[in-house]
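Student: I am new to this structure and would like a close look at a single part. Could you take me through the salt bridges and then show me what lies around them?

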Amino acid sequence: MATTREASQAAREAKLDELHERLTGAVEQLVSGEDWARALAFAARLRARSFSNTLLIWAQHQGAYEAGRVPEPMPTYVAGYRQWQALGRQVEKGQSGYQILAPVTGRFASSNPADAETWRRLGKSEKPRSGEVVRSKMITVKPAYVWDASQTSGQPIPEPPAPTLLEGESPTGLWDGLADHVRAQGFAVLRVPHEGMIHGANGVTDYTAKTVAVRENMDPAAQVKTLAHELGHVLLHGPDSDEARQHRGIGEVEAESVALMIGAAHGMDTSGYTIPYVSTWAVRVDGKEPGEIVKATGERVRKTALLILDRLDTAQVTDGAPPGLNRDAPHREETSRKQPSHEAPERRVTPLPEPETRTVTASATQARAL
Ligand SMILES: [Zn+2]
């Protein structure tokens with residue numbers, strides 16, 4: 001007879017299987033459809049979460065909308081059960097949460113970080129020895145739940161001003177912020193009068209001359225979009241980058257997708273972005289399934305877009321986390337508080353295709369949350 005512990009372990013694994021299946025379904029739809037640009041625009045609105053989780057939320061929110069359980073086709077803010085409580089709001093009776101994959105992290109310590117053999121896993125409340133470096137590392141994933149703001153009630157959510165743009169207008173400060181980032185990578189930003197000077201293109205990145213050129217005979221929105229596209233190339237596609245990816249056109253997909261997410265995060269109209277059909281670039285190669293390529297590309301794009309957005313001093317639309325949520329509050333690895341069994345508290349960690357490591361010094365560990 002199975003123990004309670006074994007039974008709950010089995011239940012968790014069954015849930016995980018179900019969740020992975022759901023994700024595969026969402027990804028397969030992307031592979032066969034024309035929804036890549038829409039998925040990216042959606043991911044930009046929930047960019048605090050992994051690309052896979054945005055797909056899961058998208059699919060489940062659509063279902064809830066079609067069933068009449070939520071009023072809007074797009075979620076606004078999503079957060080975990082306890083996060084909503086911390087903001088003075090309660091999940092309404094009868095509203096089921098959206099299942100996502102939450103990373104489970106462990107702490108590892110070593111006095112000689114360069115030597116992989118010396119890393120040891122720390123126990124729950126175990127402190128590192130003096131001089132040891134501590135790293136948090138994702139070890140596995142578990143199912144967790146989040147709810148859209150419309151499924152909760154309580155204290156009002158402050159509405160941050162949403163940037164509004166006229167057609168063809170560029171968001172204030174965006175060109176300068178992107179140009180600074182390009183220059184910080186060691187590239188000069190050139191503005192050329194027309195496409196005849198750059199092989200008929202809107203923009204060109206020259207890795208040898210270390211220049212990024214953008215033509216000036218377009219409206220400001222198109223110019224800033226082009227600059228974001230070229231910055232995507234600068235950050236992702238140097239001469240040392242994977243040539244096979246470039247060859248299959250994934251480089252262009254990635255650069256344009258980064259630009260789309262940057263634009264969407266600033267409330268720009270992203271309908272004019274030109275991204276080839278997923279079926280033309282997410283093709284089976286080196287034993288990798290199209291679905292895997294879609295997920296990996298989406299996550300790579302999202303991380304690059306986040307890196308760019310974090311450096312900008314511009315008015316951006318919400319990233320999907322409710323205003324006022326304290327993401328950096330100290331947080332113990334596991335809480336001993338009793339939790340409702342189906343409501344895993346959400347952790348603000350970014351799940352990645354590969355386990356992410358981050359290094360902190362031993363003295364800083366206790367206060368540091370993920
Ligand atoms: Zn390009």
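Tutor: Let's begin with arginine 129 and glutamate 132, whose side chains meet in a salt bridge with N and O 3.7 Å apart. Please keep in mind that this is a predicted model. The two partners sit in contrasting surroundings. Arginine 129 counts as exposed because its relative accessible area is 53%, and the cut-off for exposed is over 50%. Glutamate 132 has a relative accessible area of 6%, so this residue is buried; buried means under 20%. The pair also belongs to a wider group: Arg120, Glu126, Arg129 and Glu132 are linked in a network of salt bridges. For the whole model, the count comes to nine salt bridges.

Now turn to another of these pairs. Arginine 215 forms a salt bridge with glutamate 195, and their closest N and O atoms are 3.5 Å apart. This pair links distant parts of the chain, 20 residues apart: arginine 215 belongs to strand 9 (residues 211-215), while glutamate 195 is in the loop between strand 7 (188-192) and strand 8 (203-206). Here the arginine is the buried partner, because arginine 215 has 14% relative accessibility. Glutamate 195, with a relative accessible area of 30%, is partly exposed.

A third pair joins two helices. The side chains of glutamate 254 and arginine 300 meet in a salt bridge, at 2.7 Å from N to O. Glutamate 254 is in helix 8 (residues 250-265) and arginine 300 in helix 10 (residues 290-311), so the bridge ties together parts that are 46 residues apart in sequence. Glutamate 254 is buried, at 1% relative accessibility, whereas arginine 300 is partly exposed, at 29%.

Helix 8 and helix 10 lead us on to helix 2, since both are included in what covers the buried residues of helix 2. That cover also includes helix 1, helix 3 (51-66) and helix 9 (278-281). Which residues are being covered? In helix 2 (residues 36-45), the buried ones include Trp36, Ala39, Leu40, Phe42, Ala43 and Ala44.

Next, follow helix 1 itself. Arginine 22 is found in this helix, and its relative accessibility of 37% makes arginine 22 partly exposed. Leaving aside residues up to four places away in sequence, arginine 22 touches Leu56 and Gln60. Its C-alpha atom is separated by 8.5 Å from that of alanine 59, although the two residues are 37 residues apart along the chain.

Helix 1 (residues 4-32) also holds glutamate 18, which is partly exposed at 43% relative accessibility. On the surface, Glu13, Asp17, Glu18 and Glu21 gather in a patch of negative charge.

One last stop is serine 170, in the loop between strand 6 (152-154) and helix 5 (174-184). Is this residue buried or exposed? Serine 170 is buried, because its relative accessible area is 19% and the cut-off for buried is under 20%. Apart from residues up to four places away in sequence, serine 170 touches Leu165, Pro220, Ala221 and Val224.

How values were computed
Residues numbered from 1 in each chain as written. Predicted model: local features only at pLDDT ≥ 70, side-chain atom pairs only at ≥ 80, totals over all residues. Heavy atoms only, no water. Patch = residues over 30% accessible without salt bridge, like charges linked within 9 Å, V, L, I, M, F, W, Y side chains within 5 Å. Areas by Shrake-Rupley, 256 points an atom, 1.4 Å probe, with all protein chains shown as cover. Salt bridge = Lys/Arg side-chain N within 4 Å of Asp/Glu carboxyl O. Lys, Arg positive; Asp, Glu negative; His and termini not counted. Charge placed at Lys NZ, Arg CZ, Asp CG, Glu CD. Helix = DSSP H or I, 4+ residues; strand = E, 2+ residues; numbered from the N terminus. Buried < 20%, exposed > 50% of the residue type's maximum accessible area, 1.4 Å probe, protein only. Contact = heavy atoms within 4.5 Å.
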